[in-house]
Each structure stands twice: as C-alpha cells, then as structure tokens.
Amino acid sequence: MKRVFSGIQPTGDQHLGNYLGATRNWVEMQHHTEAVFCVVDLHAITIPQASGAVRDGSLRLSQMLMAVGLDPEQCIIFVQSHVREHTECAWLMECNVSFGELSRMTQFKDKSGRQEFISSGLFTYPALQAADIVLYDTDQVPVGADQRQHIEIARDIAERFNSRYGPTFTVPEAIVPKAGARVMDLQRPTDKMSKSLDSPKGTVNLLDEPKLIAKKIKSAVTDNDGAVRFDVAEKPGVSNLLSILGASTNRDPAALADEYTQYGSLKVDTADAVVALLEPIQARYRELEGDPAETARLLALGANKARTIAAATMDRARTNVGLLQA
Ligand code: TRP
C-alpha cells in the first residue's frame, strides 16, 4: 500500500473550501492507503502567533479533522510537535538544501513581504516540510497547487541526501487535485475560498450555523445574464455555486446546470445541500469538543504510531550521515 502524508496548519477555522478541496479526499484515502495526517503546529509558529492561539488551534483542528471523518484507527493523525523527530530531521534537511534554493521559494517571498519580523524559521520552512514528508517513507503528498514548489524541493533534498549518503529516504511525489474541486470565495468568485481573505461573507466555515450558511450562499455574487451554465471563465459565480452543489451531492456541475433556469433556486438547493453535508460533521465536532480527554487520548495514539515510524527513519538517517552512535 502506498504511504500518503499531508500536513495542515492550525491557523484559522476550517471552511468549505478546505473540506471539499482537501480533507474530504483525505477521508477517502485512509481506506486504501497508509495515510498519515499531521497538524503542523511548528510551521504555524514561523509567523508570530497570539498567546494560546496555536494550542487552541491545534486542538480545534484535530477535532475537526476527526469530525470530518479521519479515523484514528484507520489512519495516523497527530500533532507535529508531539513527535520530536520532525525538528531533528529538519536539521538534516537544512544541511542539504542551499540558501539559493530556499531563496527561490515563492511562498517565502510572499509571506516575508507581509512580515515585519522575518524569522529564519520562515525561511527554512520548506526544510521542516521536507522532514515531515521523508520521515514516513512517503510516496504521495496530496496538496493544493500552491504547495507544488515545496514538494519539488522536498524531492530535491531527498534525492541529494540519498546520493550523498546512500539510499535513505523515499522520494515523494505531489498529488494535486483537479481544478474542478476548487471552491471559490462567494463574494469574489475569481479568488479561492480562504481564511485569510478579508471577506467573511464569502467563506462558509464548517461550523457556521445553518441559517448563516444559507444567508452566505443566497447572497453569493453571480452575474446579470440570467443563464445557468457551467462556465468558470465567463460565469465564475454561478459556476462556483454549481461546483459546490455538485461536490456536495456527488453530481457533475455541468450536468446540474441543465436542471436550473434561475439563480434563486440554484442558490436554495446549494444552501440546502451544504447544510445537509455539514450537519453530521458539526454534530461529531460538538461531541469531540465536549470530551477533550478523549481527543488527547486519540492524539497520543496517533503520536505513538507516528513516532515508531519516524524514529526508525531517523536511526537510518543518522547512521548514513555518519554521526557517532549514542
Ligand atoms: N506547507 C503546507 C501548507 O501550508 C503544510 C504542510 C506542512 C505540509 N508540512 C507538510 C503539507 C507536509 C504536505 C506535506 O499547506
């Protein structure tokens, strides 16, 4: 079975775009791969965070990942900082990637442009990400298109390490979902739905009340031509509604378009479908939220399983680098 690894930062609440574009696929993958999912709290602190925000965010995100269906019996789900091998392996990665390579990362250029204090951790972020991946002998990394460059550099580091020190790490490949699964902002349908946009009305959070979900979807921006057609370039707003309805009901958005003549009824059905999709997720989340001790138990289970794999990889890496045995 293929080993799959992905990471997700515990910053901000999960929204419909995260679920339909990523985590819903992860739920699928846990049944036919050896899947490892990591709440990457150490990546979150590459940027200053408010006190307590990372702790709360890690707990909430872990509970949400379980609520959407990641089953700690079926996959490994854990918090990055609970497995010390991540930081240790990151050092080996840092010593096998150049300043020049890291300087070319577009995400670093973007993010550092927005920071007053640019930490060296933000610069070496891709090395920590490479460590996350190689520790688990990962074959495939499901990520959004924005992470392609980070997976590419992880491959380069793994290959370089293997050629310098002998076969040690599996060289991973990125799995990027088709553009069709992309959920766009309801108010600005040419931008991806995101937690960082200053447009709360355009983002459906997974924990939004049904009424609020319906309100956001009903006030989604469309266009004036009145025809229901799936045409992302010409009709981004309507196409986004069709995509969301299609993804929520497992139907093809273009085929769905034929069933509608009015934006109003498309919106009503999309809102109903999203509310129905999220209802069981919200119920499971409330249960987990009410029992933090159970979440802690499940995360300890995940960390233990992760540590077993990561420790074996690190032993191999230390030996191959030529460090003196302790
Ligand atoms: N950098 C990723 C993001 O911002 C998160 C991440 C950290 C990750 N480590 C990873 C993704 C390893 C895939 C594999 O989305």
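**Exercise 1.** In this predicted model, classify D223 and K235 as buried, partly exposed or exposed, and state how the two residues are paired.

*Solution.*
Step 1. D223 has a relative accessible area of 22%. Buried means under 20% and exposed means over 50%, so D223 is partly exposed.
Step 2. K235 has a relative accessibility of 1%. This value is under 20%, so K235 counts as buried.
Step 3. D223 and K235 form a salt bridge, with the closest N and O atoms 3.0 Å apart. Both residues sit in the loop between α9 (210–218) and α10 (236–249), twelve residues apart.

**Exercise 2.** Describe the salt bridge between R251 and E259, then name the residues of the network built from salt bridges that share partners.

*Solution.*
Step 1. In the R251–E259 salt bridge, the closest N and O atoms are 2.7 Å apart.
Step 2. R251, with a relative accessible area of 36%, is partly exposed; E259, at 49%, is also partly exposed.
Step 3. The network with shared partners consists of D223, D225, R229, D231 and K235.

**Exercise 3.** Which side chains place an N or O atom 2.7 Å and 2.9 Å from a nitrogen atom of the ligand, and how much of the ligand does the protein cover?

*Solution.*
Step 1. The side chain of Y125 gives the 2.7 Å distance, and that of Q129 gives 2.9 Å.
Step 2. A polar side-chain atom of Q147 lies 3.0 Å from a ligand nitrogen.
Step 3. On its own the ligand has 370 Å² of accessible area, and the protein covers 89% of this.
Step 4. The largest share of the surrounding shell, four residues, comes from α7.

Note on methods: Residues are numbered from 1 along each chain as its sequence is written. This is a predicted model: local features need pLDDT of at least 70, side-chain atom pairs count only at pLDDT 80 or more; totals for chains, interfaces and linings use all residues. Side-chain values use heavy atoms; hydrogens and water are left out. A polar contact is a pair of N or O atoms within 3.5 Å; within protein, one must be able to donate a hydrogen and the other to accept it, and residues adjacent in sequence count only if both atoms are side-chain atoms. Accessible areas come from the Shrake-Rupley method with a 1.4 Å probe; for residues, only the protein chains shown count as cover. Helices (H or I, at least four residues) and strands (E, at least two) are DSSP runs, numbered from the N terminus. A salt bridge is a side-chain nitrogen of Lys or Arg within 4 Å of a carboxyl oxygen of Asp or Glu. Buried means under 20% relative accessible area, exposed over 50%, partly exposed in between (1.4 Å probe, protein chains only).
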